[in-house]
Amino acid sequence: MAEGSTPLLHPGLQKRAATERRRSRLLSLWLFLGMGGALLVGMVSALTGQTLGDLLALGLIGLLLLPAITLAGGLMWYVDRRSSRKLGAANRLLLNCPPRTVRLIPVESACSGRLVALQLPVEGPVYAVFGRLARPLSPQGMEVQIYGHRFTRGGELVALAPDGAALLGTVVDRKACERRMKLAVIVLVIVAALMVIGVLTR
């Protein structure tokens, strides 16, 4: 996200945009520090060993790092572009959709955030998954200003919390969401069991 894009965003999204930029820069720093550390270790090993095998290992590390750096750069570009598009879509919702006052009632944790129920006066309860919340919702829920073109499955939503923070979410089918969460738990249990078996059979 370009630095100049922040003033064009709705005030509720500007803090989120700054957080996304800091997270992206920190991830880039860790990626390139890790690659630089691997190259440094290889150079030290080659210079201290002074054998043909050490020099070949250093060359191999260099050859592997070149595509790794390219891949890391592409990954960071994709993450940055995806975040920018998501913020742009949320900004359009805030500018073009009339707000509706609703209450977010927490249901349970989801893989990508928090599953909540929206108490809409006409449509009835609608379920949506919102990204990781800065603070947990109380069992009584939280009253927010909700923005969205449609409140059917797949509809993108933006909720403005009382403190002005923007929460990004998507309308989901509750049963389908719960099935995905159960499947994710089963996969995690299987992976953990396989890791334990692998350690015990060594």
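Let me start at the surface, where Leu-26, Leu-29, Trp-30 and Leu-33 make a nonpolar patch of about 460 Å². Please keep in mind throughout that this is a predicted model. One member of the patch, Leu-26, lies in helix H1, which covers residues 11–49. As for its cover, Leu-26 counts as partly exposed because its relative accessibility is 48%, a value that falls between the 20% limit for buried residues and the 50% limit for exposed ones. As a general background to that patch, nonpolar side chains in soluble globular proteins tend to be buried together.

Before going further along the chain, it may help to set out the overall plan. The protein has three helices and six strands, and, read from the N terminus, these elements follow the order α-α-β-β-β-β-β-β-α. Of the 202 residues in the protein, 31% are buried.

Now to the two helices that open this order. Leu-39 also has its place in helix H1, and, with a relative accessibility of 32%, Leu-39 is therefore classed as partly exposed. Across from it in sequence, Gly-62 belongs to helix H2, residues 52–96, and Gly-62 is likewise partly exposed, because its relative accessibility comes to 24%. Although Leu-39 and Gly-62 are 23 residues apart along the chain, their C-alpha atoms are separated by 7.0 Å. A further pair involves Leu-39 and Leu-58, which stand 19 residues apart in sequence and 7.7 Å apart in space, again from C-alpha to C-alpha.

What, then, lies in the interior? The largest nonpolar core has 18 residues, and those that touch the most other members are Leu-104, Leu-118, Phe-130, Ile-146, Leu-157 and Ala-159. At least two residues of this core come from each of strand E1 (100–110), strand E2 (113–120), strand E3 (124–130), strand E4 (142–147), strand E5 (156–160) and strand E6 (166–171). There is also a second core, separate from that one, with 13 residues, among them Leu-13, Ala-90, Leu-93 and Cys-97.

Staying with the strands, I would like to look at two residues of strand E1. Arg-103 is found in this strand, and, at 32% relative accessibility, Arg-103 is taken as partly exposed. Its C-alpha atom is 4.2 Å from that of Glu-143, a residue 40 positions away in sequence. Ile-105 has its place in strand E1 as well; because its relative accessible area is 22%, and buried residues must be under 20%, Ile-105 counts as partly exposed. Between Ile-105 and Tyr-127, which are 22 residues apart along the chain, the separation of the C-alpha atoms is 9.4 Å.

Which residues gather in the patch of positive charge on the surface? They are Arg-153, Lys-175, Arg-179 and Arg-180. Arg-180 is part of helix H3, residues 174–200, and with a relative accessible area of 45% it is partly exposed.

To bring the surface features together, then, we have a nonpolar patch that includes Leu-26 and a positive patch that includes Arg-180. For the interior, the picture is one of a largest core of 18 residues and a second, separate core of 13 residues.

Notes
Residues are numbered from 1 along each chain as its sequence is written. This is a predicted model: local features need pLDDT of at least 70, side-chain atom pairs count only at pLDDT 80 or more; totals for chains, interfaces and linings use all residues. Side-chain values use heavy atoms; hydrogens and water are left out. Patches are made of residues with over 30% relative accessible area and no salt bridge: like charges are joined within 9 Å, nonpolar side chains (Val, Leu, Ile, Met, Phe, Trp, Tyr) within 5 Å. Accessible areas come from the Shrake-Rupley method with a 1.4 Å probe; for residues, only the protein chains shown count as cover. A salt bridge is a side-chain nitrogen of Lys or Arg within 4 Å of a carboxyl oxygen of Asp or Glu. Helices (H or I, at least four residues) and strands (E, at least two) are DSSP runs, numbered from the N terminus. Buried means under 20% relative accessible area, exposed over 50%, partly exposed in between (1.4 Å probe, protein chains only). A nonpolar core is a set of buried Ala, Val, Leu, Ile, Met, Phe, Trp, Tyr and Cys residues joined through side-chain atoms within 4.5 Å. Lys and Arg count as positive and Asp and Glu as negative; His and the chain ends are not counted. The place of a charge is taken as NZ of Lys, CZ of Arg, CG of Asp or CD of Glu.
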